[in-house]
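I opened a new page for this one and wrote things down in the order I looked them up. Here is how the notes run.

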Number of protein chains: 2
Amino acid sequence: MQSYSSIKFKEKLLLFNELWSPKVVAEMNDYQFKLVKIMGAFVWHDHNDTDEVFIVLSGEMSIDFRDGLVNIQEGEWFVVPRGIEHRPRADKLCQVLVIEPRGVINTGDTKSALTAPENAWV
Amino acid sequence: MQSYSSIKFKEKLLLFNELWSPKVVAEMNDYQFKLVKIMGAFVWHDHNDTDEVFIVLSGEMSIDFRDGLVNIQEGEWFVVPRGIEHRPRADKLCQVLVIEPRGVINTGDTKSALTAPENAWV
């Protein structure tokens, strides 16, 4: 009998320190699960082809929209609908799990110094 | 300015008590996020068309495979590949987040007393 290993978010989070640079930890069909460490404000952007899920693993973050905002505490999450301009931000270090289809670029259609390599695994 | 609400797993988990009966809490594209409370052993089944993600929110669970097993503790997760027969189980009450495409039946191709209504929201 074989013993398979679960995926441990906490251990994976120890393996990198870059901010705003999503690291893929698993795939399901054509979707990827990515860990991201964030602090400060990201760039305004949208994803025209897909919704995007944010789950806060530790800390807290906000997402600005053109008409409002959402605050997301540890253990909570939010689904950003496709095509909606948004700007993630966090006052202090916040660790987030993002779920989206393979191939999504973190800054969407907005080119930026914060545009991160796509499909970086940890 | 509008204030949007995050989704709070903990509050949603207080809204039902049935075991092995997945409750949808959100959708992303054609995928659903479902909370499930489990205890005891489920039926052997598989899903031929899709992988299935289990994230343990509290407690611990195991998934038996025909050739082995995986133990999943709180905060850990596992991706069951499509077509692989599996049997989730938990000695004590365990609260799980399952991610899979809309329309997936909890017992897969195996009809059982544990087959739950599909697309039940909480």
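**Entry 1: a loop in chain B**

I began at B:D46, which sits in the loop between β4 (31–41) and β5 (52–58) of chain B. Since this is a predicted model, I'll come back to the confidence scores further down.

Is B:D46 buried or exposed? I found 17 other C-beta atoms within 10 Å of B:D46, so the residue counts as partly exposed. A buried residue would need 20 or more.

Next I looked up what B:D46 touches. Leaving out residues up to four places away in sequence, I listed B:G83, B:I84, B:E85, B:H86, B:G108 and B:D109. I picked B:E85 for a distance check: B:D46 and B:E85 are 39 residues apart in sequence, yet their C-alpha atoms are 4.6 Å apart in space.

**Entry 2: the core**

I then went looking for nonpolar residues packed together. The largest nonpolar core has 50 residues. Which of them have the most contacts inside it? My list reads A:F54, A:V96, B:F54 and B:V96. In general, nonpolar side chains in soluble globular proteins tend to be buried together.

I followed up on B:F54. Not counting residues up to four places away in sequence, B:F54 touches B:I63, B:I72, B:W77, B:F78, B:V80, B:V96 and B:V98. One of these, B:V96, was already on my list of residues with the most contacts inside the core.

**Entry 3: strands around β9 of chain A**

Over to chain A, where I traced the partners of strand β9 (residues 86–101). I noted three.

- Strand β4 (residues 31–41) of chain A pairs with β9(A) in the antiparallel sense over 10 bridges. Here A:Q32 stands opposite A:E100.
- Strand β5 (residues 52–58) of chain A also runs antiparallel to β9(A), and five bridges join them. A:V53 faces A:I99 in this pairing.
- Strand β6 (residues 60–65) of chain A is joined to β9(A) by four bridges, again antiparallel. I marked A:I63 opposite A:P88.

**Entry 4: a hairpin and two positive phi angles**

β4(A) has another partner: strand β3 (residues 23–28) of chain A pairs with β4(A) in the antiparallel sense over five bridges. A:M28 has A:Y31 as its bridge partner in β4(A). The hairpin of β3(A) and β4(A) has two residues between the strands.

Which residue of this hairpin takes a positive phi? I found A:N29, with a value of about 50° although A:N29 is not a glycine. A:N29 lies in the loop between β3 and β4 of chain A. Its 19 C-beta neighbours inside 10 Å make A:N29 partly exposed.

I noted a second case, A:N119, whose phi is near 65°, a positive value in a residue other than glycine. A:N119 lies in the segment after β9 of chain A. With 13 C-beta neighbours inside 10 Å, A:N119 counts as partly exposed too.

**Entry 5: where the chains meet**

How many residues are in contact between the chains? I got 28 residues of chain B in contact with 29 residues of chain A. On chain B, the elements that each supply at least two residues to that side are β1 (2–4), β2 (7–8), α1 (9–13), β3 (23–28), β7 (68–73) and β8 (76–80). β7(B) gives the largest share, five residues. By class, I wrote down 14 nonpolar, nine polar and five charged residues for this side of chain B.

Strand pairing crosses between the chains as well. Strand β8 (residues 76–80) of chain A runs antiparallel to β2(B), and two bridges join them. A:E76 stands opposite B:K8 there.

Then I laid chain B on chain A. A turn of 180° and a shift of 0.0 Å along the axis do it, with an RMSD of 0.0 Å. The two copies are therefore related as by a two-fold rotation axis. The same surface serves both copies, and 100% of the contact residues of chain B recur in chain A.

**Entry 6: confidence**

Last, the scores. Chain A averages a pLDDT of 95, and 100% of the residues score at least 70. Among the elements of chain A, strand β1 (residues 2–4) has the lowest mean pLDDT, 91, and β6(A) the highest, 98. For the model I copied down ipTM 0.90 and pTM 0.92.

Key. Residues are numbered from 1 along each chain as its sequence is written. Chains are lettered from A and ligands numbered from 1 in the order in which they are written. This is a predicted model: local features need pLDDT of at least 70, side-chain atom pairs count only at pLDDT 80 or more; totals for chains, interfaces and linings use all residues. Two residues are in contact if their C-beta atoms, placed from the backbone, lie within 7 Å. Ala, Val, Leu, Ile, Met, Phe, Trp, Tyr, Cys and Pro count as nonpolar, Asp, Glu, Lys and Arg as charged, and the others, Gly among them, as polar. Two strands pair if DSSP finds at least two bridges between them. Copies are superposed by least squares on the C-alpha atoms of residues with pLDDT of at least 70 in both. pLDDT is the predictor's confidence in each residue, from 0 to 100. A nonpolar core is a set of buried Ala, Val, Leu, Ile, Met, Phe, Trp, Tyr and Cys residues joined through C-beta atoms within 7 Å. A residue is buried if 20 or more other C-beta atoms lie within 10 Å of its own, exposed if 12 or fewer, and partly exposed in between; C-beta atoms are placed from the backbone.
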